[in-house]
Amino acid sequence: MVFALIPIVTILTFVTYVVRASLKLGYIPSPYNPDPKDLGFGVHHYLINVGISITFVSLIIWTGSLLMDKLLKTRQLTKNAIGVLLIYVVFVLLIMIDPLSLFEWYFD
């Protein structure tokens with residue numbers, strides 16, 4: 001179930017970064033205005049990059065552990081697996097849909 005926390009913590013870290021940037025700038029940032037690296041939040045910026053990397057790696061590890069449980073005929077994880085899968089799907093959809101272009105701003 002720890003795997004479910006990784007994308008949640010990553011999204012929360014990103015949201016706090018956007019809030020911090022908005023408070024510093026006085027407006028919600030938009031793509032290429034300003035460059036996120038120029039805001040002076042180096043550690044926060046680094047944590048988001050690490051969080052996104054760990055999220056995708058943890059998805060691969062979680063899938064492998066789910067397959068191993070299936071091979072061992074363990075039925076305990078079925079409800080948890082659905083919940084964790086939904087969290088990862090929401091994470092990926094947030095990045096792909098990006099309603100306020102905040103991910104585009106961050107990755108520009």
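Is F107 buried, partly exposed or exposed? At a relative accessibility of 46%, F107 counts as partly exposed, and the legends below, which describe a predicted model, place this residue among its aromatic partners and then turn to other parts of the chain.

**View 1. Y106 and F107 form an edge-to-face aromatic pair.** The two rings lie 5.1 Å apart from centre to centre, with an angle of 85° between their planes. Y106 counts as buried at 3% relative accessibility, whereas F107 counts as partly exposed at 46%. Both residues belong to a cluster, linked by ring pairs, that also takes in F14, Y17, F41, F103 and W105.

**View 2. The charged ends of R20 and of K24 sit over the ring of F41.** For R20, the distance from the charged end to the centre of the F41 ring is 3.8 Å. For K24, the corresponding distance to the centre of the F41 ring is 5.3 Å. F41 is itself one of the residues that ring pairs link into the cluster with F14, Y17, F103, W105, Y106 and F107.

**View 3. The largest nonpolar core holds 14 residues.** Those with the most contacts inside this core are F14, Y17, L39, I48, W105 and Y106. Helices α1, α2 and α4 (102–107) are the elements that give two or more residues to the core, and the largest share, five residues, comes from α1. When its neighbours within four places in sequence are left aside, L39 is in contact with Y17, A21, K24, L25, P34 and W105. Apart from this core lies another, of five residues, among them W62, A81, V84 and Y88.

**View 4. F56 and F91 pair across distant parts of the chain.** The structure holds eight aromatic pairs. In the pair of F56 and F91, the ring centres are 5.7 Å apart and the planes stand at 65°, so the arrangement is edge-to-face. F56 lies in helix α2 and F91 in helix α3 (residues 78–97), with their positions 35 residues apart along the chain. F91 is buried, at a relative accessible area of 2%, while F56 is partly exposed, at 38%.

**View 5. Helix α1 is followed by a residue with positive phi.** With its 24 residues, α1 reaches 35 Å from its first C-alpha to its last, which is close to the 34 Å expected at 1.5 Å a residue. Its buried residues include I6, I11, F14, Y17, V18 and A21. Just after the helix, G26 takes a positive phi of about 90°.

**View 6. D38 is an exposed residue in a loop between two helices.** The loop in question lies between α1 (2–25) and α2 (42–71). The relative accessible area of D38 is 61%, and the residue is exposed because this value is over the 50% cut-off. Although D38 and W105 are 67 residues apart along the chain, their C-alpha atoms are separated by 12 Å.

**View 7. The whole protein chain comprises four helices and zero strands.** The radius of gyration is 17 Å, well over the 13 Å that the globule rule gives for 108 residues, so the chain is more spread out than a compact globule. Along its principal axes, the C-alpha trace spans about 55 × 25 × 20 Å. Buried residues make up 31% of the 108 residues. Of the contacts with a separation of 6 or more, 74% are accounted for by residues 24 or more positions apart.

Conventions. Residues are numbered from 1 along each chain as its sequence is written. This is a predicted model: local features need pLDDT of at least 70, side-chain atom pairs count only at pLDDT 80 or more; totals for chains, interfaces and linings use all residues. Side-chain values use heavy atoms; hydrogens and water are left out. Buried means under 20% relative accessible area, exposed over 50%, partly exposed in between (1.4 Å probe, protein chains only). Rings of Phe, Tyr and Trp (its six-membered ring) pair if their centres lie within 6.5 Å; planes under 30 degrees apart count as stacked, over 60 as edge-to-face and the rest as tilted. A charge sits over a ring if NZ of Lys or CZ of Arg is within 6 Å of the ring centre and within 35 degrees of the ring normal. A nonpolar core is a set of buried Ala, Val, Leu, Ile, Met, Phe, Trp, Tyr and Cys residues joined through side-chain atoms within 4.5 Å. Contact means heavy atoms within 4.5 Å. The expected span of a helix is 1.5 Å times one less than its number of residues. The radius of gyration is taken over C-alpha atoms; the globule rule is 2.2 Å times the number of residues to the power 0.38.
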